[in-house]
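Work through the three exercises below with the sequence and the model side by side. Try each task before reading its solution.

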Amino acid sequence: QLQLVESGGGLVQPGGSLRLSCAASGLPLDYYAIGWFRQAPGKEREAVSCISNNNGTTHYADSVTGRFTISRDSAKSVVYLQMNGLKPEDTGVYYCAGEIWGWCRMQSSDFTSWGQGTQVTVSS
């Protein structure tokens with residue numbers, strides 16, 4: 001069973017940066033596409049980014065394109081989400097999730113393994 005643990009969240013000012021980490025154990029990380037999702041207070045969970053497990057193709061929500069970068073370090077079994085130019089609307093709990101099929105469609109129902117989340121707060 002794939003287990004995922006997120007880390008790196010915190011409180012930052014608008015315009016600041018954070019790097020989130022998603023550490024995998026139990027099964028090789030490269031068996032899965034890894035997606036990042038977030039949920040803000042009072043809002044539905046939304047897909048943020050995904051990286052495939054075959055050709056490394058990356059995907060981003062329109063709201064974060066140009067500001068966020070997802071990457072994979074297979075040797076360390078870690079996926080990162082570098083977040084730059086953070087805005088208050090980026091605030092939420094960020095989750096990483098594994099998708100065994102590798103479609104990287106960023107549909108939450110495709111993802112079967114989920115971490116517990118890490119809080120990101122962007123506020124002045």
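Two residues are in contact when heavy atoms of theirs lie within 4.5 Å. The model used here is predicted.

**Exercise 1.** Find which residues F68 touches, leaving out residues up to four places away in sequence.

Solution. Start at F68 and apply the cut-off of 4.5 Å. With those sequence neighbours not counted, the contacts of F68 are R38, V48, Y60, L81, Q82, M83, N84, L86, D90 and Y94.

**Exercise 2.** Describe the largest nonpolar core and state which strand gives the largest share of this core.

Solution. Step one: the core has 25 residues, and those that touch the most other members are I34, W36, F68, V79, L81, M83 and Y94. Step two: strands that each supply at least two residues of this core include β3 (18-25), β4 (33-39), β7 (68-73) and β8 (78-83). Step three: β3 gives the largest share, 4 residues. A second core is separate and has 8 residues, among them A33, F37, A97 and F111.

**Exercise 3.** Give the strand order of the open sheet of 4 strands, and explain why one side of β1 and of β7 is left without a neighbour in the sheet.

Solution. Step one: the order is β1-β3-β8-β7, and the pairing is antiparallel. Step two: β1 (3-7) and β7 are at the edges with a single partner strand each, so each has one side without a neighbour in the sheet. Step three: from one strand to the next, the twist averages 15°. Step four: look at the pair β1 and β3, which run antiparallel and are joined by 5 bridges. In this region Q3 stands opposite S25 of β3.

Methods
Residues are numbered from 1 along each chain as its sequence is written. This is a predicted model: local features need pLDDT of at least 70, side-chain atom pairs count only at pLDDT 80 or more; totals for chains, interfaces and linings use all residues. Side-chain values use heavy atoms; hydrogens and water are left out. A nonpolar core is a set of buried Ala, Val, Leu, Ile, Met, Phe, Trp, Tyr and Cys residues joined through side-chain atoms within 4.5 Å. Buried means under 20% relative accessible area, exposed over 50%, partly exposed in between (1.4 Å probe, protein chains only). Two strands pair if DSSP finds at least two bridges between them. Axes are lines fitted to C-alpha atoms, for helices over the stretch in contact, and angles run from 0 to 180 degrees between N-to-C directions.
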